[in-house]
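Trainee: I am new to this structure, and I would like to understand how each label in its description is earned. Could we go through the terms one at a time?

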Amino acid sequence: QRIQQWIEEYGPVITLTNGADIHVIIGRYEEVVLLMEKQEAVLADRPYSIASNEILSRGLKFMQMSTCDRFRTYRKAAHSELQMKAALIYDNDQTQYAGNIVLDILKEPESHQGHIRRHVPAMTLRVIYGKTTQTYLNDPYILHLQRMVPIVQGALMPGAYKVDKYPFLKYVPGYTWELDKWANFEHEQVHQQCQADQNWTDHTGPHSIAGGLLSKPAMCMSEDEISCFCGSLVGASYDTTQVAISTILMASAHFPDIQEIVQGEINSVVGRDTRRSNRIRLVSVGGGRYCVLTWWNSYCIPANATVSGNHWCVSRDPEMFPDPETFDINRWIDQAGNLNDLKAYSFGFGRRICPGLNLANRSVI
């Protein structure tokens, strides 16, 4: 909210400085399109962090990786396994898990968040590792994710570890022991998950992302890289999908008039035919989902500056989102009754956009 105040006072693009560190923040829709999308090649890199990139992820985790040959290999792998056509493979499984969530909520509505916390990881492990056995909240890997996600997020925070500012500290015996401990633990866990995938050992299990990559030697990915790539996908989707589904439930309960419109469209278009191919015709449902997810045009971006789009500010751009606190699905629908070209940047910007967005979108609808 403080950044929102600065954007309103100083303009759509602001600069924060801390010594030699420069952070450019973009807070309006048009400027995000101009800089983060149209100049995506220039802004594809990520600030290098010794704590996060080098120690915690050992240079192998997708989301923390700076632009390099391995990052480009990972992007190619993500496109191969997560593009829309590939995501269709998991439709039946996603439908089944979504049905399980609904049934559990009907039986025990007061525990709706617990049902989501249980079924979403189960669905994630099925898609990524081919795991079809029951997944419980006390599953060792689920407990590991609960511990690991805040560790990774903390390591990405600027100034969290002095080794990022003083690189020589990584050579001081014992200084990085905590990060080394978590790195070893994470490395062990992601390898165990991949080794448990039947596709990894005998190629007899259901199709999974891990198995798909193993069957494509042209990707030139080692088993170590595939393990860490898949671990990155699990870590990135573990809590975000849960939050998205919970938010949709909350919005449905809080805005019964909108829920009635959406339910009417579902009844009209889908009826009892629950095939997910019908979702492309659900305009109001799509609108509801969006409600919840050098010198450039006279802007001079200093060299070595960190540039980021602020989702909170962009989603409250008065030019594009008038009355932003109103849950208005019609802002996403054009006069012809189709979804318009307005973008929701919940999945990020440019070449750093979330590679799993197709699967994620299909999980929440």
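Mentor: Let us start with the strands: β1 (residues 13-18) and β2 (residues 21-26) pair in the antiparallel sense over six bridges. This is a predicted model, in which local features need pLDDT of at least 70 and side-chain atom pairs count only at pLDDT 80 or more, while totals for chains, interfaces and linings use all residues. Residues are numbered from 1 along each chain as its sequence is written, and side-chain values use heavy atoms, with hydrogens and water left out.

Trainee: What makes β1 and β2 a pair?

Mentor: Two strands pair if DSSP finds at least two bridges between them, and β1 and β2 have six bridges, so they are called paired. N18 stands opposite D21 in β2, and in the hairpin, with two residues between the strands, G19 takes a positive phi near 65°.

Trainee: How many helices and strands does the protein chain have?

Mentor: The protein chain has 16 helices and five strands, where helices (H or I, at least four residues) and strands (E, at least two) are DSSP runs, numbered from the N terminus.

Trainee: Why is Q189 in helix α9 called buried?

Mentor: Buried means under 20% relative accessible area, exposed over 50%, and partly exposed in between (1.4 Å probe, protein chains only). Q189 has 10% relative accessibility, so Q189 counts as buried. Leaving aside its neighbours within four places in sequence, Q189 is in contact (heavy atoms within 4.5 Å) with Y141 and H144.

Trainee: And why is F168 called exposed?

Mentor: F168, found in the loop between α8 (140-156) and α9, has a relative accessible area of 51%, and because exposed means over 50%, the label applies.

Trainee: What makes a salt bridge of R28 and D317?

Mentor: A salt bridge is a side-chain nitrogen of Lys or Arg within 4 Å of a carboxyl oxygen of Asp or Glu. The closest N and O atoms of R28 and D317 are 3.9 Å apart, so the pair meets the rule. R28 is buried, with a relative accessible area of 11%, and D317 is buried as well, at 5%.

Trainee: How do you know that D93 and R126 tie together separate parts of the chain?

Mentor: Their side chains meet in a salt bridge (3.2 Å, N to O). D93 lies in helix α6 (residues 91-107) and R126 in helix α7, so the pair ties together parts that are 33 residues apart in sequence. D93 counts as buried at 19% relative accessibility, and R126 at 5%.

Trainee: For the salt bridge of E325 with R316, which residue is buried and which is exposed?

Mentor: E325 is exposed, with a relative accessible area of 57%, whereas R316 counts as buried at 18% relative accessibility. The closest N and O atoms of E325 and R316 are 3.1 Å apart.

Trainee: What makes a set of residues a nonpolar core?

Mentor: A nonpolar core is a set of buried Ala, Val, Leu, Ile, Met, Phe, Trp, Tyr and Cys residues joined through side-chain atoms within 4.5 Å. The largest one here has 33 residues, and C230 and F229 are among those that touch the most other members. The largest share of this core, seven residues, comes from α12. A second, separate core of 17 residues includes V13, V24, V314 and F321.
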